[in-house]
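I opened a new structure today and kept notes as I went. Here is what I looked up, in the order I looked.

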Amino acid sequence: MEKGDGNGLQVEDFDYYLPRELIAQQPLAQRDESKLLVFEREKNRCHHQKFRDLPGWLHRDDLLVFNDTRVMPARLWGRRLPGWGKTEVLLLRPLTGESWEVLVRPGRKVKTGQEIFFGGTKRLTAVVEDRTSFGGRVLRFNRRGLELRACFKELGEVPLPPYIKQPLADPERYQTVYARYEGSAAAPTAGLHFTPEILEKIKARGVKTAFLTLHVGLGTFRPVKTVQIEEHRMHAEYYRINQELAQAITAARRAGGRVIAVGTTVTRALESARLEDGTVAPGEGWTDLFIYPGYRFKVVDGMLTNFHLPRSTLLMMVSAFAGRERILSVYEEAVRRRYRFFSFGDAMLIL
């Protein structure tokens, strides 16, 4: 798949200063009370709004595309044998009916062949079968299929990002209101701002809506550890685009509407399935597409997103869409105006 040429950019070129107090620790009382920074690329101009003002920036025949994945209870706490050492397991993706790719902590102490048990009994156990090229492990559980999923639901918890230090009173606030298909290890956070009322207002303006599924995994939140950005390898994530969405994009193109991705996960899925005419092919598969400056977008005309971590692949993606220097300048303005950053933070609409 096509990538950007990198232009010799290094990971430090995507750094910026962020005061710690601007990292949002809790969602706002109302989802749509967040701020909305609108950046018009052609005019190189910022507008400072509330998220509830979003419908006014959308045109009739625009298409808003959402990710309807649902965060699974992907964090498990177990004990290793021998030694009874405490072990944190983050589920990433299923490999077979009973085997999963996972991340573990403390990683250095989790050895191949060890057994891990979860909960107060040994009803759910797993054997460490292998290491992965991304530093994770392959666990083979003693349950499979729906029975295993039921154990995850009983024993697991919704994982919050490590920069969120406060517990979440209502786990549903880390789910979008339209979340449907369980399978993500993290939320598609750009969608957390939407309410049913906002969605109705959008539709009342003649804006079309459609959904795809991308299960967020290691590819989205894995840090870049290489010096040159083009040397970073993305971890594959599963996505599914149905015929209805493919037809909606074709219709938007014919009507002169814009395709606006709600989040970087939607952007990644759409660009992974792109055709040369700016439409997409329906289907499902795994994408390891890494979008960074130099990439030429074919499908996405606008992007709604949150404010991302320094040095992250997500910041690199929005820099590819709007220009690195301009995005870093916009981020500086967001810091000056005390926007809230990261998963529970404010939103940014790039047009």
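I started at a hairpin: strand 8 and strand 9 form one with 5 residues between them, and Gly-119 in its turn has a positive phi of about 80 degrees. For my own reference, strands (E, at least two residues) and helices (H or I, at least four) are DSSP runs, numbered from the N terminus.

Before going on, I noted that this is a predicted model, where local features need pLDDT of at least 70, side-chain atom pairs count only at pLDDT 80 or more, and totals for chains, interfaces and linings use all residues. Residues are numbered from 1 along each chain as its sequence is written, and side-chain values use heavy atoms, with hydrogens and water left out.

Back to the hairpin. Strand 8 and strand 9 run antiparallel and are joined by 4 bridges; I count two strands as paired if DSSP finds at least two bridges between them. I looked up Phe-117 and found its bridge partner in strand 9, Thr-125.

Next I followed strand 9 onward. It pairs with strand 10 in the antiparallel sense over 5 bridges, and Val-128 has Leu-139 of strand 10 as its bridge partner. This hairpin also has 5 residues between the strands, and Gly-135 takes a positive phi near 90 degrees there.

What does strand 7 pair with over 4 bridges? I found strand 10 (residues 137-141), antiparallel to strand 7 (residues 99-105). Leu-139 turned up again, as the bridge partner of Trp-100.

Then I stepped back to see the whole sheet. It is a closed barrel of 6 strands in the order 5-6-7-10-9-8, with antiparallel pairing. Neighbouring strands are turned by 45 degrees against each other on average, direction ignored. Helix 1 (residues 145-155) packs on this sheet, and its direction makes about 105 degrees with that of strand 9. Such angles run from 0 to 180 degrees between N-to-C directions, with axes fitted to C-alpha atoms, for helices over the stretch in contact (heavy atoms within 4.5 Å).

I turned to the interior last. A nonpolar core is a set of buried Ala, Val, Leu, Ile, Met, Phe, Trp, Tyr and Cys residues joined through side-chain atoms within 4.5 Å. The largest one has 70 residues, and Tyr-174, Leu-270 and Phe-341 are among those that touch the most other members. Helix 6 (residues 313-322) gives the most to this core, with 7 residues. Apart from it lies another core of 24 residues, Leu-139 and Phe-134 among them.

My last stop was helix 5 (residues 264-272), where 9 of its 9 residues are buried (under 20% relative accessible area, 1.4 Å probe, protein chains only).

Notes
Buried < 20%, exposed > 50% of the residue type's maximum accessible area, 1.4 Å probe, protein only.
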